Amino acid sequence: MFRFALRGTLEYLESGELSALDFLTHAFCTRRGGVSRAPYDGLNVGDLAGDREEDLLRNLNLVKDAFAIPDGRLILMRQPHGDRIHVIDEDGPLPEGLPECDGLITDRPGVALGIRTADCVPLFFVDRTRRVIGAAHAGWRGTALSIAARMVATLTERFSSLPEDILAVIGPAIGPCCYEIDAPVMAAFSAMPAAGLFSRPCLQKDRWMVDLALATRLQIREAGVPSENIFSAGLCTACRQDLFFSHRAAGGRTGRQISLIMLRDGGMH
């Protein structure tokens with residue numbers, strides 16, 4: 001179950017299952033509530049999109065204030081569209097600058113893990129027993145490299161998480177209604193055993209429609225997380241440009257929304 005909520009001017013989507021966990025803060029932010037101007041209008045946090053730097057900083061400060069994120073504790077990634085995962089241990093240092101990765105995992109309270117997307121899939125992972133969280137960015141390359149399954153594997157290997165203790169949440173992303181791919185991209189997916197379940201041929205030769213959210217769901221399930229622990233927002237970013245930035249629908253000139261997850265620090269709410 002997902003619902004929209006407001007913090008200050010920021011409108012965001014939250015998972016009912018994660019909201020029930022009192023040690024957690026999370027949000028799939030929409031584009032609504034920020035200061036950027038068209039075509040980045042609203043809460044753009046994409047530093048490579050072409051927006052004004054002062055507007056980006058104001059938007060990030062709005063996010064930090066709204067969700068009570070301590071200074072210097074919002075960790076974003078460079079997101080090179082790979083499968084590298086950076087682990088922030090409770091007693092280890094915070095990364096300097098933006099780590100080159102598409103997945104972050106931490107057991108450290110008061111550190112917010114952030115994902116920036118404009119059609120790609122934002123993913124949250126929570127070990128509700130050991131209190132470890134993860135955030136991942138899955139575009140078609142990351143999906144083809146099985147980053148969702150690698151996140152589960154890293155939780156089990158580094159933190160001894162049990163798959164049945166893990167909750168996985170799939171945020172808003174481009175849907176199978178709008179995500180058309182060509183033969184080279186399809187070739188990257190074809191090694192995945194379930195490719196036929198999340199893709200279908202178009203009438204046009206060598207074109208397919210792909211359901212990225214379903215592809216990640218299947219990977220997470222294959223990694224051992226029970227189906228009843230996997231939740232998907234089911235909102236298409238390309239169909240809902242009123243709510244979200246969409247690279248595909250906007251022809252490439254658009255902003256990025258932020259999704260964030262954080263273990264609460266002591267009495268932090």
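Is Ser199 buried or exposed? In this predicted model, Ser199 has a relative accessible area of 14%, and because the limit for a buried residue is under 20%, Ser199 counts as buried. The residue belongs to strand β12, which covers residues 199-201, and its surroundings can be described through both a polar contact and a set of neighbours. The side chain of Ser199 reaches the backbone oxygen of Ala195 at 2.7 Å, while contacts beyond four places in sequence bring Ser199 against Met186, Met209 and Val210.

From this strand the reader may turn to helix α7, which spans residues 212-222 and in which Leu212, Ala213, Ala215, Thr216, Leu218, Gln219 and Ile220 are buried. The N-terminal end of α7 is capped by Asp211, with a side-chain oxygen of that residue lying 3.3 Å from the backbone nitrogen of Ala213. Just after the helix, Gly224 takes a positive phi of about 110 degrees.

Ile220 of this helix leads on to the nonpolar interior. In soluble globular proteins, nonpolar side chains tend to be buried together. The largest nonpolar core here has 39 residues, and those that touch the most other members are Ile105, Leu123, Phe125, Ile181, Phe189, Phe198 and Ile220. Helix α4, residues 147-159, supplies the largest share of this core, with six residues. A second core, separate from the one just described, has 27 residues, with Leu18, Leu113, Val126 and Val169 among them.

The interior also leaves some space unfilled. One cavity of 30 Å³ or more is present in the structure, and the volume of the largest cavity is about 40 Å³. The lining of this largest cavity is made by Phe28, Cys29, Thr117, Pro122, Pro172, Phe244, Gln257 and Ser259, and the elements that give two or more residues to it are β3 (24-29) and β15 (257-263). Sorted by class, the lining of the largest cavity comprises five nonpolar and three polar residues, with no charged residues.

The open pockets can be followed in a similar way. The largest pocket has a volume of about 620 Å³ and is lined by 32 residues, of which His81, Cys120, His137, His247 and Arg256 lie nearest its centre. At least two residues of that lining come from each of β7 (112-117), α3 (140-144) and β11 (180-182), and the element that gives the most is β11, with three residues. In contrast to the cavity lining, which has no charged residues, the lining of the largest pocket has 11 charged residues beside 12 nonpolar and nine polar ones.

The second largest pocket holds about 290 Å³ of space, and its lining is formed by 14 residues, of which Leu57, Leu60, Leu76, Leu98 and Arg116 lie nearest its centre. Helix α2, residues 53-66, gives the most to this lining, with six residues. By class, the lining of the second largest pocket divides into seven nonpolar, two polar and five charged residues.

Several loops carry backbone features that deserve a separate look. In the loop between β3 and α2 lies Pro39, and the peptide bond that joins Ala38 to Pro39 is cis, with omega near 0 degrees. Between β4 (74-75) and β5 (85-88), the loop contains Gln79, a residue that has a positive phi of about 60 degrees although it is not a glycine. Gln79 is buried as well, with a relative accessible area of 12%.

Asp119, found in the loop between β7 and β8 (121-127), likewise is not a glycine and has a positive phi, in this case of about 145 degrees. With a relative accessibility of 8%, Asp119 counts as buried, because the limit for that class is under 20%. The strand that precedes this loop, β7, is one of the elements that each supply at least two residues of the lining of the largest pocket, and Cys120 is among the residues that lie nearest the centre of that pocket.

Conventions. Residues numbered from 1 in each chain as written. Predicted model: local features only at pLDDT ≥ 70, side-chain atom pairs only at ≥ 80, totals over all residues. Heavy atoms only, no water. 1 Å grid on protein atoms, 1.4 Å probe; cavity = no way out; pocket = protein on both sides within 12 Å on 5 of 7 lines; lining within 4 Å. Points joined across faces, edges and corners; volume = space filled by probe spheres on them. Helix = DSSP H or I, 4+ residues; strand = E, 2+ residues; numbered from the N terminus. Nonpolar A, V, L, I, M, F, W, Y, C, P; charged D, E, K, R; others polar. Buried < 20%, exposed > 50% of the residue type's maximum accessible area, 1.4 Å probe, protein only. Polar contact = N/O pair within 3.5 Å; in protein donor to acceptor, adjacent residues only side chain to side chain. Contact = heavy atoms within 4.5 Å. Core = buried A, V, L, I, M, F, W, Y, C linked by side-chain atoms within 4.5 Å.
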